[in-house]
Amino acid sequence: MNIFPEIEESWKIALQSEFEKQYMKDLKTFLLIEIKKHDIYPKCRDIFNAFLHTPLHNVKIVILGQDPYHGEGQAHGLSFSVAKEIKTPPSLVNIFKELEKDLDIVNYGKGNLTKWAKQGVLLLNVTLTVRSNLAGSHQNKGWEQFTDTVISTISKEKEGVIFLLWGKVAQNKQKIIDVNKHHVLISSHPSPLSAYKGFLGCKHFSRSNLLLKKQGVEEINWQL
């Protein structure tokens with residue numbers, strides 16, 4: 001079984017050496033054992049969807065999530081996004097609430113965020129897989145080292161990228177972002193447990209587009 005399928009060429013060039021490191025080999029072994037005993041999400045073919053839909057040279061914005069959704073049929077490799085025909089999860093509902101308040105855009109019931117990804121929004125989870133119905137089950141197995149390398153690569157090779165860091169897990173990654181080259185917008189997580197602590201009202205969607213416009217970069221159409 002091919003746990004790590006081919007990824008988009010620009011990412012393949014940037015990350016090839018990472019796949020050859022021992023921690024990634026250990027991670028692959030762990031996943032192969034997990035698959036024999038449990039259902040894991042997303043499906044193997046979807047693990048690297050964020051990279052497939054948003055090549056390195058196209059990255060304008062990075063939205064960091066924590067784990068993939070652990071319910072059946074939800075996760076498909078993009079942070080906060082769910083596959084078509086899946087009920088919108090609570091955090092994404094709050095994202096849409098803020099988007100409506102900020103830009104008067106209504107996306108309710110349209111939980112698949114692939115359209116954003118194709119415009120240059122890298123929807124990256126810190127951990128790229130999870131065991132069915134067990135949040136956090138694949139943390140500290142190697143994914144964090146891999147995605148830290150992804151963030152560092154973006155920081156090093158690009159300029160003017162906007163990092164939306166929602167919640168403590170995402171905010172902990174600020175230390176590997178060159179804030180002299182990039183823009184970092186911070187708020188609480190959109191989860192119902194914390195959205196009222198700063199996410200709702202943060203205006204990150206309009207602020208991101210304003211920053212892109214100032215750089216002469218095409219803005220994101222957030223309408224799904």
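This passage describes two pockets and one buried helical residue in a predicted model.

In the predicted model, the largest pocket encloses about 560 Å³ of space. Its lining is formed by 29 residues, of which Gln66, Asp67, Tyr69, Ser91 and His189 are the closest to the centre of the pocket. Among the elements of secondary structure, helix H4 (90-103) and helix H7 (168-171) each contribute at least two residues to this lining. When the lining of the largest pocket is divided by class, 16 residues are polar and 11 are nonpolar, while two are charged.

The second largest pocket holds about 210 Å³ of space, and its lining consists of Asn2, Phe4, Pro5, Glu6, Ile7, Lys12, Leu15, Gln16, Phe19, Met24, Lys25 and Lys28. Two or more of these residues come from each of helix H1 (9-19) and helix H2 (22-37), with H1 giving the most, namely four residues. By class, the lining of the second largest pocket comprises six nonpolar, four charged and two polar residues.

Leu15, one of the residues lining the second largest pocket, is also among the contacts of Thr153, a residue located in helix H6 (residues 143-157). Thr153 has a relative accessible area of 10% and is therefore classed as buried, the cut-off for that class being under 20%. Beyond residues up to four places away in sequence, Thr153 touches Ala14, Leu15, Leu56 and Lys158. Of these contacts, Leu56 lies 97 residues from Thr153 in sequence, yet the two are separated by 8.9 Å in space, C-alpha to C-alpha.

Note on methods: Residues are numbered from 1 along each chain as its sequence is written. This is a predicted model: local features need pLDDT of at least 70, side-chain atom pairs count only at pLDDT 80 or more; totals for chains, interfaces and linings use all residues. Side-chain values use heavy atoms; hydrogens and water are left out. On a 1 Å grid over the protein atoms alone, a cavity is a set of points where a 1.4 Å probe fits but cannot get out, and a pocket is an open set with protein on both sides within 12 Å along at least five of seven lines; lining residues have an atom within 4 Å of a point. Grid points are joined across faces, edges and corners, and a volume is the space filled by probe spheres set on the points. Ala, Val, Leu, Ile, Met, Phe, Trp, Tyr, Cys and Pro count as nonpolar, Asp, Glu, Lys and Arg as charged, and the others, Gly among them, as polar. Buried means under 20% relative accessible area, exposed over 50%, partly exposed in between (1.4 Å probe, protein chains only). Contact means heavy atoms within 4.5 Å.
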